[in-house]
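Subject: The model I promised you

Hi,

Here is the structure we talked about, so you can open it while you read. Have a look around, then see my notes underneath.

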Amino acid sequence: MADNKRQNVGGKAPIATPNMGSSNMPSLENALAGVIGARIRLQTTLSSQPSIEGTLFTACPLTNLVAIAVPTTLTTPPIHHILPISSIQNFTLVSAPPAPNSFASPPNTTPALTSVPTAALRARADAAVARLKEAVSRKNKAVGKEAQDLFDGLSRTLPTRWDGNNIVVMDSVVVSAPYRGEDCKAGNGVPAHTLNRVRKVVDNERKRFADRERKVVVPAVPAIPAVHTGPRKGG
């Protein structure tokens, strides 16, 4: 006891410090992470943006950045501002984030089932088949190219079909091989002007074929220079 008293004589008593334990105050990063999706108002140290209000988009602990979406108008998307967390002095919670189950359910976008117009589809299919058959019937593999070209030329202005190797025009005039104007024959009761019209078209088509052949330029073959075959020296 005496020793203890002598040790405290003239000395200062130690200052007792209370044991505060671990702080219960959350860090700014944790506080921001807990209100993602909420509308907040930030007070910053930035002179360009001392105060900013919007929806907290994210708070990244790795980059120490926050992104806040500031609305502009109802028809344009918001502007996202990215700020360092170190520049935030404090923030005020304006409105809490929506609860996870408070989001509106997406509208039902599944279209209503309707009956398939089978009659219209069948009519379209039949029309396509008819066009294909007509295109096939207009090509005659049993005749030469000139006869087929004549048929194609006649069919551009007159109704034309094949009957074997004969070309039938307007169901009244038959053009047989070798498919010249004089090879056109009209049936009984066919007016003369109808026959003359078909003959004129046939002659014009054949004239066009001849002009086309004359315009084909055949490349000239260069002449082979003569080779001197005189006696060789020393031979």
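Below is what I found, going from the overall layout to the details of the backbone.

One thing up front: this is a predicted model, so please read everything here as computed from its atoms.

**The overall layout**

The protein has 5 helices and 9 strands. If you walk along the sequence, they come in the pattern α-α-β-β-β-β-β-α-α-β-β-β-β-α. Of the 235 residues, 21% are buried. The accessible surface comes to about 18,200 Å², and carbon and sulfur atoms account for 59% of that. As for contacts, take those between residues at least 6 apart in sequence: 38% of them join residues at least 24 apart.

**The four-stranded sheet**

The part I spent most time on is an open sheet of 4 strands, in the order E6-E7-E8-E9, with antiparallel pairing. E6 and E9 are at its edges and have a single partner strand each, so one side of each has no neighbour in the sheet. On average, neighbouring strands here are turned by 30° against each other, ignoring direction.

If you want a spot to zoom in on, try the pairing of E7 with E8, which is antiparallel and runs over 3 bridges. There you will find Ile167 with Val175 of E8 as its bridge partner.

**Two helices on that sheet**

H4 and H5 both deserve a look here, beginning with H4. Helix H4 covers residues 145-155, and 8 of its 11 residues are buried, so the rest of the structure largely encloses it. Which residues of H4 are buried? They are Ala147, Gln148, Asp149, Leu150, Phe151, Gly153, Leu154 and Ser155. You may notice that Gln148, Asp149 and Ser155 are on that list alongside Leu150, Phe151 and Leu154. What these buried residues pack against is strand E6 (160-163), strand E7 (166-169) and helix H5 (192-214). H4 itself lies across E6 and E7, and its direction makes an angle of about 145° with E6.

H5 lies across E7, E8 and E9, running at about 165° to E9. Its length checks out too: with 23 residues at 1.5 Å a residue, H5 should span 33 Å, and its end C-alpha atoms are indeed 33 Å apart. The buried residues in H5 are Thr194, Leu195, Val198, Val201, Val202, Glu205 and Phe209. Their cover includes H4, E7, strand E8 (173-175) and strand E9 (184-186). H4 and H5 therefore turn up in each other's surroundings: H5 is among the elements that the buried residues of H4 pack against, and H4 is part of what covers the buried residues of H5.

**The loop between E8 and E9**

Now for the backbone oddities. Most peptide bonds are trans, and most residues other than glycine have a negative phi. The loop between E8 and E9 is where Pro178 sits, and the bond joining Ala177 to Pro178 is a cis peptide bond, with omega at about 5°. Tyr179 is in the loop between E8 and E9 as well. Tyr179 is not a glycine, but its phi is positive, near 65°. Is Tyr179 buried or exposed? With a relative accessible area of 9%, Tyr179 is buried.

**The hairpins earlier in the chain**

Back towards the start of the sequence, strand E1 (residues 39-44) pairs with E2 in the antiparallel sense over 5 bridges. A hairpin through 6 residues takes the chain from E1 to E2. One bridge to look for there is the one between Arg41 and its partner in E2, Glu53.

E2 and E3 also run antiparallel, joined by 5 bridges. Here Thr58 stands opposite Ala67 of E3. The hairpin of E2 and E3 has 4 residues between the strands, and one residue to check in it is Asn64, with a positive phi near 55°. Asn64 belongs to the loop between strand E2 (51-60) and strand E3 (65-70). Its relative accessible area is 38%, so Asn64 counts as partly exposed, whereas Tyr179 is buried at 9%.

That is what I have for now. Shout if anything looks odd on your screen.

Cheers

How values were computed
Residues numbered from 1 in each chain as written. Predicted model: local features only at pLDDT ≥ 70, side-chain atom pairs only at ≥ 80, totals over all residues. Heavy atoms only, no water. Buried < 20%, exposed > 50% of the residue type's maximum accessible area, 1.4 Å probe, protein only. Helix = DSSP H or I, 4+ residues; strand = E, 2+ residues; numbered from the N terminus. Contact = heavy atoms within 4.5 Å. Expected span 1.5 Å × (residues − 1). Pairing = 2+ DSSP bridges. Axes fitted to C-alpha atoms, helices over the stretch in contact; angles between N-to-C directions. Areas by Shrake-Rupley, 256 points an atom, 1.4 Å probe, with all protein chains shown as cover.
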